[in-house]
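Hi there,

Here is the structure I promised to pass on. My notes on it follow below, and I hope they are handy at the bench.

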Amino acid sequence: MSRPARSVARAALVAAISVLLPLLLAAAPASGSLSTEPRPIHAGQARPDVTLTAAPPVLFCTIRPGVQGCTSFGPDEPGALVAILYAEPWFHGARVHVFLATALAACTARTSDDEGGGDLAGPLLALLGHVGSVETFHRCDVQLHDAFLDAGGAVSGWIDEVSDVSGRVAAFTVS
Ligand SMILES: [Ca+2]
């Protein structure tokens, strides 16, 4: 290559670099984004190694003395919380909050009276055959039935609390 031709080539190269360099700089990643340092996880980012545990679902059943079956499945019915049926042992997992609609705000102390009960059916179907533990409140006890209330079946003794239910539960009664 002759001297003038080399000079022209060099000038062209310098011109090309002067045009391309700002473009390359603009396209470069922002400072720090290539770092291997751990960065905070923002909402909306999912990391496969992080397991998020949702709160267990809470279902509701309101019972009334002398009435067979839940009279409401809503969370805002007035009444005393008399029992919680849990899907897992040791009072964990999905649960049914059982409210007793009564002026007494508690169960009577005796267990000879019918203070209501319900089937694990309809909105409570998720717990049919999956009751793992039970606790009671306000002087109430529960009996666990292995069939729906109108079907008869075996019935447990009166339970104040049980941390590991054995057997299938399809319904409950309260007193
Ligand atoms: Ca009672």
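**Strands, sheets and core**

Asp-119 sits opposite Ala-171 in strand β8. Before going on, please note that this is a predicted model, in which local features need pLDDT of at least 70, side-chain atom pairs count only at pLDDT 80 or more, and totals for chains, interfaces and linings use all residues. Residues are numbered from 1 along each chain as its sequence is written.

The chain has one helix and eight strands, in the sequence pattern α-β-β-β-β-β-β-β-β. Here helices (H or I, at least four residues) and strands (E, at least two) are DSSP runs, numbered from the N terminus.

Let me start with the sheet that holds β4 and β8. Its three strands form an open, antiparallel sheet in the order β4-β8-β6. β4 and β6 are at the edges with a single partner strand each, so one side of each has no neighbour in the sheet. The twist averages 15° from one strand to the next, with axes as lines fitted to C-alpha atoms and angles running from 0 to 180 degrees between N-to-C directions. Three bridges link β4 and β8; two strands count as paired if DSSP finds at least two bridges between them.

Gly-118 also belongs to β4 (residues 117-119). Is Gly-118 buried or exposed? Gly-118 is buried, because 25 other C-beta atoms lie within 10 Å; the cut-offs are 20 or more for buried, 12 or fewer for exposed, and partly exposed in between, with C-beta atoms placed from the backbone. Leaving aside neighbours within four places in sequence, Gly-118 contacts Cys-61, Ile-63, Gly-69, Cys-70, Ala-171 and Phe-172, where a contact means C-beta atoms, placed from the backbone, within 7 Å.

The other sheet is open and mixed, with five strands in the order β1-β3-β2-β5-β7. β1 (58-63) and β7 (161-162) form its edges, each with a single partner strand, so one side of each lacks a neighbour in the sheet. β5 (residues 133-136) runs antiparallel to β7, joined by two bridges, and Glu-135 faces Glu-161 of β7 there.

Finally, the largest nonpolar core (buried Ala, Val, Leu, Ile, Met, Phe, Trp, Tyr and Cys residues joined through C-beta atoms within 7 Å) has 25 residues. Those with the most contacts inside it are Val-82, Ala-83, Leu-85, Val-98 and Val-174. Two or more residues come from each of β1, β2 (80-88), β3 (92-100), β6 (142-145) and β8 (171-174).

Best wishes

Conventions. Contact = placed C-beta atoms within 7 Å.
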